[in-house]
Amino acid sequence: MLNQEIKKRNIPDALKFFSGDTVASSADWQKRRAELLDYFQSEMYGYIPAAPDEVSFEEISRDELFSGGKLELYTVLIKPRVNGKIASFKVQCVLPRKRIKGAFIYADFFDTVPSKCLPAEEIADNGYAVFSFFYEDTSSDNNDFTNGLASLFFEKGERKESDAGKISIWAWAMMRVMDYVQTLDSIPKDRIILVGHSRLGKTALLAGAYDERFYGVVSNDSGCAGAAIERGKQGETYKDAFIVFNHWFAPKFEMYALGKKELLVDQHCLLVLTAPRKLYVASAFLDKWADPDSELLACVAASPVFELLGKKGLSYSGEFLRKATALHSGDVAYHLRDGVHYLNRDDWNNFIKYFDKTFNH
Ligand code: GCU
């Protein structure tokens, strides 16, 4: 039973302040939320920079023939200005030419639309707009903090202990896409959902935690330092991730990753920062590196926070899942699909099915 597993793994209680006091009301929760959000930034991902002084948008191309003209496809340059400096990145926008019921903001590993992981036409046929950007167009996936958006914040590319890692920078990019989507009359502003896969699933969780404008957050196969509980985790650990990808994190995270100090939180404490909005965690059965069991466990451990706020948690506490299953009945949703680490059509179809249901509620 997963509730016993939570005890066995000694997972910290999201509903206890670091002082040990209990979080008993939604007013308490606001304080606890602030405590956790600050802690994840200061100790793990690094502080997400403040909103830009200004952000402007420029349409740079349009494809009138996309999907035979059924859908709108155009590209916008997003140009945030910080302390007099401007950096830019591209967002590809796919809009159904009918009533739009919701929108996905999606960070991709590819710069085309559609892409291997983004079936844009099918998503739009379901009534959703998609705003997709190639994550390295915002800043490279390496230790260089002088290019793209990172150049706005780091004069010489050097970082201090709790400065943003690349996950925080990419999360900042997601919020700038949100700034753009807010300007579009055809998009229902209260139904904008953030989606990311793998390292970008970690990023989506952080951005959705920080920015409460998102209606929901989807983390697909985000695993270590994403949706998976670290204590007792199989596959990748903080140490594995930090050794190869230290640029994703704040420099300070090293002492935790190398086991010199224990974190006061586990990853469910990041998931709860989406509450009372919608949280969706997706896993793939053969993705043992990410560890589906520990992702499911995090959803169970996160659920009491949703319940304190009058929402419905995952409603599942049976055994670990051993076959494809979708748990769609609460404000915390989860699915396990067959196959390996990937974001495929089955995943998207599940997301759409779930969000459709929440809209019709
Ligand atoms: C590596 C990394 C994972 C990450 C994944 C990805 O496998 O170890 O933490 O999620 O890359 O982003 O594809």
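Where in the chain does P114 lie? P114 is found in the loop between β5 (102-108) and α3 (120-125), and the peptide bond that leads into P114 from V113 is cis. Welcome to this predicted model. The points below walk through the ligand and its surroundings, then a pair of aromatic rings, and then some details of the backbone.

**The ligand and its surroundings**

- The ligand sits in the largest pocket.
- Around the ligand you will find F109, S198, R199, K202, E236, F245, W248, W289 and H341.
- Sorted by class, this shell holds 4 nonpolar, 2 polar and 3 charged residues.
- R199 has a polar side-chain atom 2.5 Å from an oxygen atom of the ligand.
- For S198, a polar side-chain atom lies 2.7 Å from an oxygen atom of the ligand.
- W289 also takes part, with a polar side-chain atom 2.9 Å from an oxygen atom of the ligand.
- On its own the ligand has 320 Å² of accessible area, and the protein covers 82% of that area.

**Aromatic rings**

- The count of aromatic pairs in this model comes to 31.
- One of them joins Y280 and F351, whose ring centres are 5.1 Å apart.
- The planes of these two rings stand at 80°, and planes over 60 degrees apart count as edge-to-face, so the pair of Y280 and F351 is edge-to-face.
- This pair links distant parts of the chain, as Y280 belongs to strand β9 (residues 278-284) and F351 to helix α10 (residues 345-359).
- Along the chain, Y280 and F351 are 71 residues apart.

**Details of the backbone**

- The cis peptide bond from V113 to P114 has an omega near 0°.
- Another cis peptide bond runs from A275 to P276, with omega near 5°.
- P276 is in the loop between α8 (268-271) and β9, and β9 is the strand that holds Y280.
- N83 is a residue other than glycine with a positive phi, near 50°.
- To find N83, look in the loop between β2 (71-82) and β3 (85-86).

Terms used: Residues are numbered from 1 along each chain as its sequence is written. This is a predicted model: local features need pLDDT of at least 70, side-chain atom pairs count only at pLDDT 80 or more; totals for chains, interfaces and linings use all residues. Side-chain values use heavy atoms; hydrogens and water are left out. A residue is near a molecule or strand if one of its heavy atoms lies within 4 Å of it. A polar contact is a pair of N or O atoms within 3.5 Å; within protein, one must be able to donate a hydrogen and the other to accept it, and residues adjacent in sequence count only if both atoms are side-chain atoms. Accessible areas come from the Shrake-Rupley method with a 1.4 Å probe; for residues, only the protein chains shown count as cover. On a 1 Å grid over the protein atoms alone, a cavity is a set of points where a 1.4 Å probe fits but cannot get out, and a pocket is an open set with protein on both sides within 12 Å along at least five of seven lines; lining residues have an atom within 4 Å of a point. A molecule sits in a cavity or pocket if more than half of its atoms lie within 2 Å of its grid points. Ala, Val, Leu, Ile, Met, Phe, Trp, Tyr, Cys and Pro count as nonpolar, Asp, Glu, Lys and Arg as charged, and the others, Gly among them, as polar. Rings of Phe, Tyr and Trp (its six-membered ring) pair if their centres lie within 6.5 Å; planes under 30 degrees apart count as stacked, over 60 as edge-to-face and the rest as tilted. Helices (H or I, at least four residues) and strands (E, at least two) are DSSP runs, numbered from the N terminus.
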